[in-house]
Amino acid sequence: MLEWGKTWVSNVAGEIAAVLALAMWVTSSYRIRRKMFEVFFYTHQLYILYIVFYVLHVGAAYFCMVLPGIFLFVIDRYMRFLQSQRRARLDSARVLPCGSVELTFSKSPGLYYNPTSILFLNVPSISKLQWHPFTITSSCKMDQDKLSVAVKRLGNWSQKLCQEISSSVDRLEVSVEGPYGPNSSHFLRHELLVLVSGGSGITPFISIIREIMFESTKPNYQVPRVLLVCAFKNSADLAMLDLLLPINDTPANISQVQLQIEAYITREEEHPIADNQKLLQTIWFKPNQLDSPICAGLGQNNWLWLGAIIASSFIMFLLILGIVTRYYIYPIDHNTEEIYHFSYFVLWDMFLLCACIFLASSAVFLFRKKENTIEGKQIQNLEVPTPTPSPGSWFRNSDRELESLPHRSLVQATKVHFCARPDLKRILFDCKASDVGVLACGPRKMRHEVAKICSSGMADNLYFESISFNW
């Protein structure tokens, strides 16, 4: 068990790899992930050591069998590292009465993403190592130079973030990775779209509705009718519906969309006290020349440049490995009585693989960085507007004078049910359309209930898809 052979595989390396894998497996349990995220997160950084000791155990021949996966993973991880070294330009934060926050960043107009995408955030003032994924609420077609994500106060990290934003800071340093998401907007093909959400599960549907709002402005373009069924614990969470309307001056005529919102408040009686309404507060941050808009790491045509990195780094790896083997390892192994250590072969493979990837990726990234820097120099000073009441409070007081057409259309499309839960079976079976796309996001029990209804066979027009962000 303690043997580290010179001419064969190392048993000790295999035992170390097994212990590391066991630690990562144990901390992957659902209870630890949800209750002790830091333990789960930091333990999984051991994957680097696991790969090293695993390869030292199995040898160079087996390393070649898993080389394609490791090769692409290292490229992806290093490109994400390069992107995360830049500080993203945070323009504003929209603080909702329910405590949730929408962060709005500047982005390059050439950055494209689809609805339901996510963005990883890192705030060094809170933790330099922790990266947390959040749902993007904006549409890249509607907001060509802005990108927004929604953050709800749930864990320690998000609570600290909301506290920093509320503490009247002039600037908040944020690094980002992404965005990551689906390759197509497949939901546009349906005749009717039913969006079922619970709690913060409404956030991916905000980007879908914003996308439909933009597509509805195109002439002769048919967009699906939308039925949003959302359940909240408290009436203050109705402010999440404010995010359907973008913060900037982008035209967003929600009246052109056939939108119906059924909001259910499960823990409050009808007609809560309207005097306690809070204002929706928008906080604007001062621009800084060190910050840059969010953009694709390789700029436009990023897939072409990524292909160049993969091809050039792999060819470079094969050439240098051949040279090292022929002119360094071979003379030692065959022209002398000394036997070249078995583990050294693997160390050479891993070192040259990483070195070639770092060289090729860094060269292309720095070359493309000039183009991204030119776009990032356009900084505009923004004025701080007066705080406005949250439209979420308008649902409690229908006599309130509505100040704009989008807000008026949003309120008119919304029906609030107090102290009630949605009857999902009745709602889905009452959908009168030949092609009904059903998307569910929220608690697992709710998603399973929707899936069971759609697969019951009692309605042949329901097409179900679940959106889960459990990590």
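What follows is a chat about a predicted model, going through its sheets and aromatic rings.

Biologist: What makes the sheet with the order β14-β10-β9-β8-β15-β16 an open one, and which strands stand at its edges?

Modeller: That sheet has 6 strands with parallel pairing. β14 (414-418) and β16 (462-466) each have a single partner strand, so one side of each has no neighbour in the sheet. From one strand to the next, the twist averages 15°.

Biologist: How do you know that β8 and β15 pair?

Modeller: Pairing takes at least two bridges, and 6 bridges join β8 (residues 192-198) to β15 (residues 436-441), which run parallel. One of the partnerships is leucine 192 with valine 436 in β15.

Biologist: Which helices lie across β8 and β15?

Modeller: Helix α7 (residues 203-215) lies across β8, β9, β10 and β15, at about 155° to β8. Helix α13 (residues 444-454) lies across β8, β15 and β16, at about 160° to β15.

Biologist: And what about β4 and β5, how do you know that they pair?

Modeller: Again the bar is at least two bridges, and β4 (residues 118-122) and β5 have 4, in the antiparallel sense. Leucine 121, for one, has histidine 132 in β5 as its bridge partner. Their open sheet runs β5-β4-β7-β1-β12 with mixed pairing.

Biologist: On to the rings. Why is the pair of phenylalanine 37 and phenylalanine 40 called tilted?

Modeller: Stacked needs planes under 30 degrees apart and edge-to-face needs over 60. Here the planes are at 55°, with the centres 5.8 Å apart, so the pair is tilted. Both residues lie in helix α3 (residues 37-43), about one turn apart.

Biologist: Why does phenylalanine 40 count as buried?

Modeller: The cut-off for buried is under 20%, and phenylalanine 40 is at 14% relative accessibility, so the label fits.

Biologist: Then why are tyrosine 50 and tyrosine 54 called stacked?

Modeller: Their planes are 20° apart, and under 30 degrees counts as stacked. The centre-to-centre distance is 6.0 Å, and the limit for a pair is 6.5 Å. In helix α4 (residues 47-58) the two are 4 residues apart, about one helical turn.

Biologist: Is tyrosine 50 buried, exposed or partly exposed?

Modeller: Partly exposed, at 28%, since that class lies between 20% and 50%. Tyrosine 54, at 26%, also counts as partly exposed.

Biologist: How do you know that a charge sits over the ring of tyrosine 30?

Modeller: The distance limit is 6 Å from the ring centre, and the charged end of arginine 444 is 5.4 Å from that of tyrosine 30. Likewise, arginine 80 lies over the face of phenylalanine 120, at 5.7 Å.

Definitions and conventions. Residues numbered from 1 in each chain as written. Predicted model: local features only at pLDDT ≥ 70, side-chain atom pairs only at ≥ 80, totals over all residues. Heavy atoms only, no water. Axes fitted to C-alpha atoms, helices over the stretch in contact; angles between N-to-C directions. Contact = heavy atoms within 4.5 Å. Buried < 20%, exposed > 50% of the residue type's maximum accessible area, 1.4 Å probe, protein only. Lys NZ or Arg CZ within 6 Å of the ring centre and 35° of its normal.
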